[in-house]
Amino acid sequence: MSQKRTNPDYLNGVPELVVLELLSRRPMYGYELVQAIREASGEALAFGEGCIYPLLHKLAERGDLSPRRIDVGGRSRVVYRVTSKGHRQKAHSQDQWSQVVSAVSHILHGGKHEHARIA
Amino acid sequence: MNTQELHDGFQTELIRRGLPADYASGAAEELADHHRDVVEELRATGLDEVAAATEAAQRLGDRRSLVKKSVREFQRRHWCGRWPLLTFLFGPLVLLIATWAATFLPLVLVGGILNAMGIDDSSNDGVVSTAEYIGMWCFTGWCVFVMPAVVLLFLSLRASRAGLNWGWIALAAVVLAVNVGSMKCGYVGKLSGPEYTNLETGEPLAHDSFVMSIPLLIFFSSFRSTANWFASNPQQVCQLLVPLVVAGLVIWRSRHMMHRWERGLSSVC
């Protein structure tokens, strides 16, 4: 049976954070970015590679990324770089993500609700 | 599927779904670049051209799903794309009332200023002059024909910019048609105006009275009475038809442009 090539629903919003993080390290075009995600995640994040473009366009429209068509390796590419607004957004998303991870981890490792302890 | 086929197919599908040609072209170009890169990567591993192209297309993902995601992303950029039901169901009436207010308030203001200056042309001598008739009919025509058409054109433009399909324009047209078409307005007994009766006494209204009536559909007792209300005079039928005709023309034009673009693309290929 083939493995399903989609990610769980709770990863909503995570692709944006991943893209902003990787692009903040260096500007990249779509194909490069997909390769970078694969390498950085050890291929744990699976997705149709074309899905990266609607996401990049959304972030560009929001002003988090700045696209520019330039020549790379003799071919014209749209290279995305993170804007200052994007950096702020990334920091904000990172904080939120850390809080969620910490809270879920706490629950999964036996953390109890405060009210339950009082009761 | 080779890169050019992927590019053209994706671009055509985006335009068919209502996205602007320049956006569709840019998005298809980027996707084709990506496809080309993956093909090169796979060719370097020893795959032949055809197998590499097929594998590359699979890696990009299902085209329908990509188109859907791209269209949704584009629509979400616009307020009316995020809230289409709110915009095209309630927006027409809100905009119509706003445009009426924008027309009516300056007239009241000018009238007030003229009155204050002692220049009062509205002497109630019991006789309505031809100029007054023409003025009032122009005003009526402006409110019940021109303004609804302008509102619909404005909403059509918004829908087109947001890449929304023609169904939303049709919805706005029906909302406008039902509401504007239900209004009875005009001079009684003049210019084939409708016959009006006093709601309390049931007697016909006197000639030379200007009547404007906005019914609440909930009070219509039957389909027949509703149909009678809407089709009781030619002006009202025109009020009903204008938004529908404008919407029909807008939709026909957008579909015509799309077909022309598709024919152009196929002749280039």
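The following exchange asks how some descriptions of this predicted model are reached.

Trainee: Why is α1(A) called oblique to α4(A)?

Mentor: Helix α1 (residues 14–25) of chain A and helix α4 (residues 84–108) of chain A pack at an angle of about 130°. Angles of 65 to 115 degrees count as roughly perpendicular and those over 145 as roughly antiparallel. The angle fits neither class, so α1(A) is oblique to α4(A). Their axes are 10 Å apart, and α1(A) passes α4(A) in a left-handed crossing.

Trainee: What makes the contact of α1(A) with α4(A), by residue and by class?

Mentor: From α1(A) come E16(A), L17(A), L20(A), E21(A) and S24(A). They meet G86(A), H87(A), Q89(A), K90(A), S93(A), Q94(A) and W97(A) in α4(A). The contact of α1(A) with α4(A) divides into 3 nonpolar, 6 polar and 3 charged residues.

Trainee: Why are α2(B) and α3(B) called oblique to each other?

Mentor: The axes of helix α2 (residues 21–44) of chain B and helix α3 (residues 49–60) of chain B cross at roughly 130°. Roughly antiparallel would need an angle over 145 degrees, and roughly perpendicular one of 65 to 115. The two helices are therefore oblique. Their axes come within 8 Å, and the crossing of α2(B) past α3(B) is right-handed.

Trainee: Which residues make that contact, and what classes do they fall into?

Mentor: On α2(B) they are L31(B), H34(B), H35(B), V38(B), V39(B), L42(B) and R43(B). On α3(B) they are A52(B), A53(B), E55(B), A56(B), A57(B), R59(B) and L60(B). By class, the contact of α2(B) with α3(B) has 9 nonpolar, 2 polar and 3 charged residues.

Trainee: How do you know that β1(A) and β3(A) pair?

Mentor: Pairing requires at least two bridges. β1(A) and β3(A) have 2 bridges, in the antiparallel sense, and M28(A) stands opposite Y80(A) in β3(A). The requirement is met, so the strands count as paired.

Trainee: How do you know that β2(A) pairs with β3(A)?

Mentor: Strand β2 (residues 65–72) of chain A is joined to β3(A) by 8 bridges, and the two run antiparallel. At least two are required, so this is a pair. R68(A) has V79(A) as its bridge partner in β3(A). The hairpin of β2(A) and β3(A) has 2 residues between the strands, and G73(A) takes a positive phi near 55° in this hairpin.

Trainee: What makes β1 and β2 of chain A edge strands?

Mentor: Each of them pairs on one side only. The open sheet has 3 strands in the order β1-β3-β2 (chain A), with antiparallel pairing.

Trainee: What lies across these strands, and at what angle to β3(A)?

Mentor: α1(A) lies across β1, β2 and β3 of chain A, running at about 105° to β3(A). An angle of 65 to 115 degrees counts as roughly perpendicular, so α1(A) is roughly perpendicular to β3(A).

Trainee: What makes the side of chain A that touches chain B?

Mentor: The contact takes 13 residues from chain A and 15 residues from chain B. α2 (30–41), α3 (52–62) and β3 (75–82) of chain A each supply at least two residues of the chain A side. α3(A) gives the most, with 5 residues. By class, the chain A side has 5 nonpolar, 4 polar and 4 charged residues.

Terms used
Residues are numbered from 1 along each chain as its sequence is written. Chains are lettered from A and ligands numbered from 1 in the order in which they are written. This is a predicted model: local features need pLDDT of at least 70, side-chain atom pairs count only at pLDDT 80 or more; totals for chains, interfaces and linings use all residues. Two residues are in contact if their C-beta atoms, placed from the backbone, lie within 7 Å. Helices (H or I, at least four residues) and strands (E, at least two) are DSSP runs, numbered from the N terminus. Ala, Val, Leu, Ile, Met, Phe, Trp, Tyr, Cys and Pro count as nonpolar, Asp, Glu, Lys and Arg as charged, and the others, Gly among them, as polar. Axes are lines fitted to C-alpha atoms, for helices over the stretch in contact, and angles run from 0 to 180 degrees between N-to-C directions. Angles under 35 degrees count as roughly parallel, over 145 as roughly antiparallel, 65 to 115 as roughly perpendicular and the rest as oblique. A crossing is left-handed if the near helix is turned anticlockwise from the far one by less than a right angle, and right-handed if clockwise.
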